[in-house]
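Hi everyone, thanks for having me. Please take a moment to look at what is on the screen, and then we'll walk through a few spots together.

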Amino acid sequence: MPFDEVSELLAATGARVRNSVRLAELTTLRVGGPATVADCDTTDALIATVRTLDAAGVPVLLLAGGSNLLVADAGFGGVVVRIATEGVEIGADRVVAEAGANWDAVVAATVDAGLGGLECLSGIPGSAGATPVQNVGAYGVEVAQLLRRVRLLDRATGEVRWVEPAELGFGYRTSVLKHSDRAVVLAVDFTLRSDGSSAPLRYHELARVLEAEEGQTRPAAEVRAAVLRLRAGKGMVLDAADHDTWSAGSFFTNPVVPQARVDEVRAAIAAHVGDVTIPTYPAPDGVKFSAGWLIERAGFAKGFPGPDAPARLSTKHTLALTNRGAATTADLVELARTVRDGVAERFGIRLEPEPVTVGVRL
């Protein structure tokens, strides 16, 4: 649809419509071609914009923080609805955040208010509304553990309602919202710890730096500071001057191997790297292997494929694919395929990408 027609169509919605916006400007990977963008800074504008575009049959791409998105170099042919709602309300034991609120700012606000629970999710880029979509998790805490409810717009019916976690089908880095266009997250509501203590420490590395035992708690502010230090050391806190942070965070999810295949996979790993300790974690459907460990043992070192490549593995963390300043989406896709196929060839495990891809396929 021509830009003038989109502007006219959305004139009464409250959205601000912009033409030929490079999506590289709106994503943390800093790649992606041009698109028409409708900025919505209120929930009413967001609802009206999505309803209007859906009724007119215009393709919609929802975008907030842009931290989990890989968009084609050709851009997007419909309308990008940018979720820029930023409201945050903090209560005695909870926080309600609109979908466009900066996630780390939400976490910081809860810690500053003397509430605990979200501190292990500090430093994660993106928006509050994205957190239930992929069941964001880090350092032993997942969104599903703390979520009270999510406010959704049902695009099929136009209904707006609060939804309980039981309806969202949470799993490891996924939910029923992740690979579906049916619903738009409008707000999230979390239950927190009113005494200011952290969630019980479940991640060995974090417990170690805090000189604590796993299962213990610490003041939320202390844990947040430790998490930010750990993430910064891995290039996982956004910094415009550090190309290791021009990424989508962890590009591949940790693979869960069915119990029936675990011995086979362990044997394949041993055949290539010898008798070593393999980092694994229990999972409901099998055993979870460390994707970063597999990538490195498959021969892909930090900084692969080398200093002249426009897209490289992070120099700090092999699980992140990074744009060194001039990479295209095609460059990142090529690197992702190389790494994925190399791990599959050596160990018989197929890594799955975590970012949402638009106009491209691995």
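Let's begin with a question: where is the place of Gly-171? Gly-171 sits in the loop between β11 (160–163) and β12 (183–191). Keep in mind that this is a predicted model.

Now, is Gly-171 buried, exposed or partly exposed? Its relative accessible area is 24%, and because buried means under 20% and exposed over 50%, Gly-171 counts as partly exposed. If you follow the chain, Gly-171 and Pro-284 are 113 residues apart, and their C-alpha atoms are separated by 9.2 Å.

Next stop, Pro-125. Pro-125 also belongs to a loop, this one between α3 (103–112) and β8 (137–138). The relative accessible area of Pro-125 is 24%, so Pro-125 is partly exposed. Which residues does Pro-125 touch, leaving out those up to four places away in sequence? They are Ser-67, Arg-231, Met-236 and Leu-238. Val-343 lies 218 residues from Pro-125 along the chain, with 27 Å between the two C-alpha atoms.

Finally, let's turn to the strands. Strand β6 (residues 88–90) and strand β7 (residues 94–98) run antiparallel, joined by three bridges. Together β6 and β7 make a hairpin, with three residues between them. One pair to find on your screen is Val-88 with its bridge partner in β7, Ala-97.

And how many bridges join β7 to β12? There are five, and these two strands run antiparallel. Look for Glu-98 here: Glu-98 stands opposite Ala-187 in β12. β12 is also a strand we met at the start, at one end of the loop that holds Gly-171.

Terms used. Residues numbered from 1 in each chain as written. Predicted model: local features only at pLDDT ≥ 70, side-chain atom pairs only at ≥ 80, totals over all residues. Heavy atoms only, no water. Helix = DSSP H or I, 4+ residues; strand = E, 2+ residues; numbered from the N terminus. Buried < 20%, exposed > 50% of the residue type's maximum accessible area, 1.4 Å probe, protein only. Contact = heavy atoms within 4.5 Å. Pairing = 2+ DSSP bridges.
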